[in-house]
Protein chains: 2
Amino acid sequence: MAAVTVALRNGLDQTTTEAIAIEAGISTRTFFNYYNNKQAAILGEAIRLDIKGAGWFVESSGPILDDLAKLLGQGLHEDPLDRALLLKIIAVVDANPTLHDMFRTQVDETSSSISGLLETRLGSDLAIESRLLAELSTRALTEAVVAWAADETMTVDSVTVQIAANLRSVSKIMCQ
Amino acid sequence: MAAVTVALRNGLDQTTTEAIAIEAGISTRTFFNYYNNKQAAILGEAIRLDIKGAGWFVESSGPILDDLAKLLGQGLHEDPLDRALLLKIIAVVDANPTLHDMFRTQVDETSSSISGLLETRLGSDLAIESRLLAELSTRALTEAVVAWAADETMTVDSVTVQIAANLRSVSKIMCQ
DNA sequence: GTAAATATTGCACACTGTGTATTATTATGC
DNA sequence: GCATAATAATACACAGTGTGCAATATTTAC
């Protein structure tokens, strides 16, 4: 929170670990006990979602896009997102391409999990396809979450709907 | 080249900017005149491809997946890839997750270009879909290039074929 | 062969990140 | 309450990153 505050107030250039530590009222050494770097402090755990108890996904034979949307949307329910904080984080990330990398790294971790589940469901001869589809899905998730953050009328449930809509729309384009 | 050499020989931990500079026979200051950081030195321009003269892509009404594969494959022809160097780079990246970020950053730049072209072709009401499809395509490119690097019998042209195959396979899964 | 343009380098400096030892703080049992 | 153990915070030293700037070397052009 301190990191985001400083970054929004003073810009990322002025957001030294020292400035964050002062804002948080701790020493810089303590800061590094909790975050590996300032990027991690700014991004926090806002986006990362852990996929657990997803046996149903592997077994299911329903429409795969809907299952993916459900899987990703379900991850969001674990610990509810803070819309105001997320908006601030998005603002900082948008203004600082440097942060984009680490944001992607977080999303990639989710993508990896999804990829594993997909490979189990589809079979290991579709490993490449699993990775591609996982990437596409997590990107659809990102788009949906960003849309959710910006629109106060959206519920968390509607994120699932949005993800499914995004994926279906892409599949329509691809299959034409 | 010096950066990759040192990274493979001594591991990324030991690959300080000083070590790279010594290997290259230059000062560290000169190193930083050419690369912003050691990650950039290791990755080089191996993957990045610039999309130019892609008017045909925007105008075309052919199968979009084939056009995408053609577009990406064409970018590879600009300056021919060095298979041996690429293999080394892939080895270093695989061994060091830290580098993964910067690799993705490079690929993202390509993705951005593709996204812009797609949005022009599909219309701005399909902006989200354009971004998703661009991401999927560049990821398919990465998979294909990695496969190419590992298989000496593959030609650069077959990368295009591979990309198209990957995309078609995914679309088949999505549309089922 | 000289002068201008360009490249390389040395140096100082602010910042990042980690290991280690020391000091606070908190928790626990009695 | 109080001594003690566990945990957290901090100070400090240090290796490394990256940049600005001025000085020096090298190349280019005429």
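**Notebook: protein surface around DNA strands C and D**

I began with the helices: helix 3 (28–34) of chain A and helix 3 (28–34) of chain B each supply at least two residues of the surface near DNA strand C. I am working on a predicted model.

Strand C next. I asked which helix gives the largest share of that surface. It is helix 3 of chain B, with 4 residues. I found 13 residues surrounding strand C. A:Thr17, A:Arg29, B:Thr30, B:Asn33 and B:Tyr34 are the closest. I sorted the surface near strand C by class and got 3 nonpolar, 7 polar and 3 charged residues.

Then I checked contacts to strand C. The side chain of A:Arg29 puts an N or O atom 2.6 Å from a base oxygen. Two residues reach phosphate oxygens of strand C: A:Lys38 through a polar side-chain atom at 3.2 Å, and B:Ser27 through a backbone N or O atom at 3.0 Å. Of the strand C atoms within 4 Å of the protein, 54% are sugar or phosphate, and the rest belong to bases.

I moved to strand D. It has 13 residues around it, and A:Ser27, A:Thr30, A:Tyr34, B:Thr17 and B:Arg29 come nearest. Sugar and phosphate make up 58% of the strand D atoms within 4 Å of the protein. Here helix 3 of chain A gives the largest share of the surface, 4 residues. By class I noted 3 nonpolar, 7 polar and 3 charged residues near strand D.

Last, contacts to strand D. B:Arg29 has a polar side-chain atom 2.6 Å from a base oxygen. A:Thr30 uses a side-chain N or O atom, 2.6 Å from a phosphate oxygen. A:Ser27 uses a polar backbone atom, 2.9 Å from a phosphate oxygen.

Conventions. Residues are numbered from 1 along each chain as its sequence is written. Chains are lettered from A and ligands numbered from 1 in the order in which they are written. This is a predicted model: local features need pLDDT of at least 70, side-chain atom pairs count only at pLDDT 80 or more; totals for chains, interfaces and linings use all residues. Side-chain values use heavy atoms; hydrogens and water are left out. A residue is near a molecule or strand if one of its heavy atoms lies within 4 Å of it. A polar contact is a pair of N or O atoms within 3.5 Å; within protein, one must be able to donate a hydrogen and the other to accept it, and residues adjacent in sequence count only if both atoms are side-chain atoms. Ala, Val, Leu, Ile, Met, Phe, Trp, Tyr, Cys and Pro count as nonpolar, Asp, Glu, Lys and Arg as charged, and the others, Gly among them, as polar.
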